[in-house]
Amino acid sequence: MAEMQWSEGMGIDMPQMDATHQESVALVRAVQGASDEHIMAAWEQLLAHTEAHFAQEDAWMQATRFAAGNCHSTQHQQVLQIMQGGTERARQGRLGELRLMANELAVWLPHHIDAMDAGLAYHLRQVGFDPASGHIAHPEALPQEPLQGWGGASAMGCDEPVAGQAGG
Ligand SMILES: [Fe+2]
Ligand SMILES: [Fe+2]
């Protein structure tokens, strides 16, 4: 599997999220290319970064009226659980699983950015959310009911959005 590369198409017009995603790509690539000697350290860096990355997005969702159990946050939790399972198995000597998981993340991450993060970025722009201060410039644009879905359109459930619907 080719090592993961950032591409312009992964940008979602939200500088803070794009910067975090570029860091994620570099950390996935580091795991993909790591020797057995260094792979555990590279993996632990990726896992710590992913925990912070997802926690940041979850916090922005909480600040802008997403329901606690919305699909996007749920997907974050599921992926972190899978990654933590990988850490456990690697500690028992199955280092190769980390490389396989990094390869899977290299496929999953661009899809998640396109399907979920782009919807969140769209929502944050709609309400005029400033990630630095947490200020919401257009509170009148906040949804009446907590969002259960991914944020691209308030009525959507947990089904994956159709390409192009995420706003952009
Ligand atoms: Fe993200
Ligand atoms: Fe996300």
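# A walk through four helices

Start with the whole chain on screen: among contacts in the protein between residues with a separation of 6 or more, 68% join residues 24 or more positions apart. Here two residues are in contact if their C-beta atoms, placed from the backbone, lie within 7 Å. The model is a predicted one, in which local features need pLDDT of at least 70 and side-chain atom pairs count only at pLDDT 80 or more, while totals for chains, interfaces and linings use all residues. Residues are numbered from 1 along each chain as its sequence is written, and chains are lettered from A and ligands numbered from 1 in the order in which they are written.

**Stop one: the overall fold.** Switch to a cartoon view and follow the chain from its start. You will pass 4 helices and 0 strands, in the pattern α-α-α-α. Helices (H or I, at least four residues) and strands (E, at least two) are DSSP runs, numbered from the N terminus. Of the 168 residues, 30% count as buried. A residue is buried if 20 or more other C-beta atoms lie within 10 Å of its own, exposed if 12 or fewer, and partly exposed in between.

**Stop two: the core.** Select Val-28, Val-31 and Ala-121, the residues with the most contacts inside the largest nonpolar core, which has 30 residues. Such a core is a set of buried Ala, Val, Leu, Ile, Met, Phe, Trp, Tyr and Cys residues joined through C-beta atoms within 7 Å. Now colour α1 (15-32), α2 (36-63) and α4 (96-126), the elements that give two or more residues to this core. The most come from α4, with 13 residues.

Stay on Val-28 for a moment. Leaving aside neighbours within four places in sequence, Val-28 is in contact with Met-4, Leu-46, Ala-102, Leu-105, Ala-106 and Leu-109.

**Stop three: two alanines in α2.** Pick Ala-42, which lies in helix α2. Is Ala-42 buried or exposed? Ala-42 counts as buried, because 20 C-beta neighbours are inside 10 Å. Not counting residues up to four places away in sequence, Ala-42 touches Ala-30, Val-31 and Ala-34. Try a distance label too: the C-alpha atoms of Ala-42 and Gln-32 are separated by 9.1 Å, and these residues are 10 apart along the chain.

Next choose Ala-55, also placed in helix α2. Ala-55 is partly exposed because 13 other C-beta atoms lie within 10 Å. From Ala-55 to Ser-73 is 8.8 Å, C-alpha to C-alpha, with their positions 18 residues apart in sequence.

**Stop four: α2 against α3.** Show α2 with helix α3 (residues 71-91): they pack at an angle of about 165°, with axes 10 Å apart. Axes are lines fitted to C-alpha atoms, for helices over the stretch in contact, and angles run from 0 to 180 degrees between N-to-C directions. The pair is therefore roughly antiparallel, a label for angles over 145 degrees. To see where they meet, select residues including Trp-43, Leu-47 and Phe-54 in α2, and His-76, Leu-80 and Met-83 in α3. By class, this contact has 8 nonpolar, 5 polar and 2 charged residues. Ala, Val, Leu, Ile, Met, Phe, Trp, Tyr, Cys and Pro count as nonpolar, Asp, Glu, Lys and Arg as charged, and the others, Gly among them, as polar.

**Last stop: α3 against α4.** The axes of α3 and α4 come within 12 Å and cross at roughly 170°. These helices are therefore roughly antiparallel to each other. Among the residues making the contact are Gln-75, Gly-86 and Arg-89 of α3, with Glu-97, His-112 and Leu-120 of α4.

Note on methods:
Parallel < 35°, antiparallel > 145°, perpendicular 65-115°, else oblique.
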